Amino acid sequence: QVQLVESGGGLVQAGGSLRLSCAASGRTFSNYAMGWFRQAPGKEREFVATINWGDGATYYADSVKGRFTISRDNAKNTGYLQMNSLKPSDTAVYFCAAGSYSIRPADFRSWGQGTQVTVSS
């Protein structure tokens with residue numbers, strides 16, 4: 001199994017940017033797709049973005065398309081989520097996950113502990 005640790009969350013004003021990182025250890029990170037999900041208080045965990053392990057194909061939720069960019073550096077066993085033009089509605093705990101190339105949380109076996117992102121208006 002892959003162990004994942006997120007970092008880079010924080011408080012930012014609307015319109016600002018943050019870059020989240022996801023450091024992986026354990027099994028070969030490059031063998032898995034990586035996903036980012038988020039969960040706001042009182043809401044279900046929702047898909048944000050995913051990147052495939054082989055061809056680097058990406059897929060985004062409509063709510064973040066054009067603002068967020070997912071990437072990975074397999075040599076560093078690290079994934080990233082660049083978040084631009086942040087909105088208050090992006091406020092949530094953000095989780096990275098490793099598993100299959102999918103938008104469903106159930107398809108990801110390994111999860112980080114989450115990092116808080118708060119966007120003020």
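This is a short tour of one sheet, a set of charged pairs and a group of aromatic rings.

The model is predicted, so local features need pLDDT of at least 70 and side-chain atom pairs count only at pLDDT 80 or more, while totals for chains, interfaces and linings use all residues. Residues are numbered from 1 along each chain as its sequence is written, and side-chain values use heavy atoms, with hydrogens and water left out.

**Stop 1: the open sheet**

Select residues 2-7 and 68-73, which are strand 1 and strand 7, the edge strands of an open sheet; each pairs on one side only. The sheet has 4 strands in the order 1-3-8-7, with antiparallel pairing. Strands here are DSSP runs of E of at least two residues, numbered from the N terminus, and two of them pair if DSSP finds at least two bridges between them. On average, neighbouring strands of this sheet are turned by 15° against each other, direction ignored. That angle is taken between lines fitted to C-alpha atoms; angles run from 0 to 180 degrees between N-to-C directions.

Now add residues 18-26, which form strand 3; 6 bridges join this strand to strand 1, and the two run antiparallel. To find one position across the pairing, pick S7, which stands opposite S21 in strand 3.

**Stop 2: salt bridges around R38**

The whole structure holds 5 salt bridges, each defined as a side-chain nitrogen of Lys or Arg within 4 Å of a carboxyl oxygen of Asp or Glu. Select R38, E46, R67 and D90, which are linked in a network of salt bridges.

Look at R38 and D90, whose side chains meet in a salt bridge at 2.9 Å, N to O. This pair links distant parts of the chain: R38 lies in strand 4 (residues 33-39) and D90 in the loop between strand 8 (78-83) and strand 9 (92-99), 52 residues apart. D90 counts as buried because its relative accessibility is 1%, where buried means under 20% relative accessible area, exposed over 50% and partly exposed in between (1.4 Å probe, protein chains only). R38 is also buried, at 5%.

R38 has a salt bridge to E46 as well, with the closest N and O atoms 2.6 Å apart. E46 counts as partly exposed, at 36% relative accessibility.

For a further pair, select D107 and R104, which form a salt bridge with the closest N and O atoms 2.9 Å apart. D107 is partly exposed, at 22%.

**Stop 3: the aromatic cluster**

Select F37, F47, Y59, F95, F108 and W111, which form one aromatic cluster. The count of aromatic pairs is 6. Rings of Phe, Tyr and Trp (its six-membered ring) pair if their centres lie within 6.5 Å; planes under 30 degrees apart count as stacked, over 60 as edge-to-face and the rest as tilted.

F37 and W111 form a tilted pair, 5.0 Å centre to centre with 50° between the planes. F37 is in strand 4 and W111 in strand 10 (residues 108-111), 74 residues apart. F37 is buried at 0%, whereas W111 is partly exposed at 25%.

F95 and W111 form an edge-to-face pair, 6.5 Å centre to centre with 75° between the planes. F95 sits in strand 9, 16 residues from W111, and is buried at 9%.

**Stop 4: charges over rings**

Add R45, whose charged end sits over the ring of W111, 4.8 Å from its centre. A charge sits over a ring if NZ of Lys or CZ of Arg is within 6 Å of the ring centre and within 35 degrees of the ring normal. Finish at K65, whose charged end sits over the ring of Y59, 5.9 Å from its centre.
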